[in-house]
Amino acid sequence: MRIDIITIFPELVRHWFDQGVVGRALAKNDAPASLHYWNPRSYSDDRHQRVDDRPFGGGPGMVMQYEPLARTAAAINADGDKPLHIYLSPQGTTFNHELAAELARKPRIALWCGRYEGLDQRFIDEHIDAEISIGDFVLSGGEIAAAIIIDAVLRLIPGVLGDAASAAEDSFHHKLLDHPHYTRPENTAKIRAPEILLSGNHALIARWRLKQALGRTFLHRPDILNQLELSDAQQKLLNEFLTEQHLGEPS
Ligand code: SAM
């Protein structure tokens, strides 16, 4: 997969992927994905490489200008197959696991990071295929949003995570939240790790983990659980969890 990032601060995104599991995957010779950076300043005909100007109609802030953005888009489209152009915007569709999985199936996406008051609307109308928000709040720029999307999408690409199974066991993958995790030592000052995880019985461990995942989803994200049709076995496990937690059974 190829991801193009369009930003006047490419180093902000680049540094994010210098390290960590996704960064290591991108640095491999046979990397399963590649990141390409484009700076609209390089496509400005202003001698100071400005890409912003005052808004028509007045008011605070600056607006990213149509021309350098359109030239950047033309250069990107001429560099291989045309990507899906996505503008990171608080006004877009809210990002989630399903959207990450959908993007992970695309061969190429381009992430446009706004600054100031955002991009000139005529550029959005002409060149942007989709707008994505990372939540109902406003950031100073799209770079953090782009890094979040890149990280979440690349984790789903085969070959990015060291253990291929780990993304499949994460929260949301099977619609449920993840089960809790424990590691050495077996005892901390006050709490012992659950006995079953120390038993070596893999069937019982898998059953316990599913029960915890169901229980956590019930407690923390009832909205997700309400959308699921639990099998009889899953419902039994959830009831067991609730009884153990002295929470009664769901109606
Ligand atoms: N005037 C814009 C508005 O209220 O819709 C906000 C502009 S914001 C200060 C500057 C840039 O940050 C945006 O162009 C966008 O690229 C990015 N941004 C801000 N909040 C975001 C969010 N929640 N999700 C994704 N990108 C965001």
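**Exercise 1.** In this predicted model, work out whether Asp52 is buried or exposed, then find how its side chain meets that of Arg50.

*Solution.* Start with the cut-off: buried means under 20% relative accessible area. Asp52 has a relative accessible area of 10%, so Asp52 is buried. Next, look at Arg50: its value is 36%, which makes this residue partly exposed. Finally, bring the two side chains together: they meet in a salt bridge, 3.8 Å from N to O.

**Exercise 2.** Find the salt bridge that Arg115 forms with Glu143, and say which parts of the chain the pair ties together.

*Solution.* First, check the distance: the closest N and O atoms of Arg115 and Glu143 are 2.8 Å apart. Now place the residues. Arg115 sits in the loop between E6 and helix H5 (121-127), while Glu143 belongs to helix H6, so the bridge ties together parts 28 residues apart in sequence. Then check the burial: Arg115 is buried at 17% relative accessible area, and Glu143 is buried too, at 3%.

**Exercise 3.** Explore the largest nonpolar core and find which element gives the most to it.

*Solution.* Begin with the core itself: it has 30 residues, and Ile3, Leu111, Ile150 and Leu154 have the most contacts inside it. Several elements give two or more residues, including strand E1 (2-6), strand E6 (108-113) and helix H6 (143-154). H6 comes out on top, giving 7 residues. To zoom in, pick Leu111: leaving aside neighbours within four places in sequence, its contacts include Ile3, Ile86, Leu88 and Ile150. Don't stop there, though: apart from this core lies another, of 16 residues, with Met64 and Phe123 among them.

How values were computed: Residues numbered from 1 in each chain as written. Predicted model: local features only at pLDDT ≥ 70, side-chain atom pairs only at ≥ 80, totals over all residues. Heavy atoms only, no water. Core = buried A, V, L, I, M, F, W, Y, C linked by side-chain atoms within 4.5 Å. Buried < 20%, exposed > 50% of the residue type's maximum accessible area, 1.4 Å probe, protein only. Helix = DSSP H or I, 4+ residues; strand = E, 2+ residues; numbered from the N terminus. Contact = heavy atoms within 4.5 Å. Salt bridge = Lys/Arg side-chain N within 4 Å of Asp/Glu carboxyl O.
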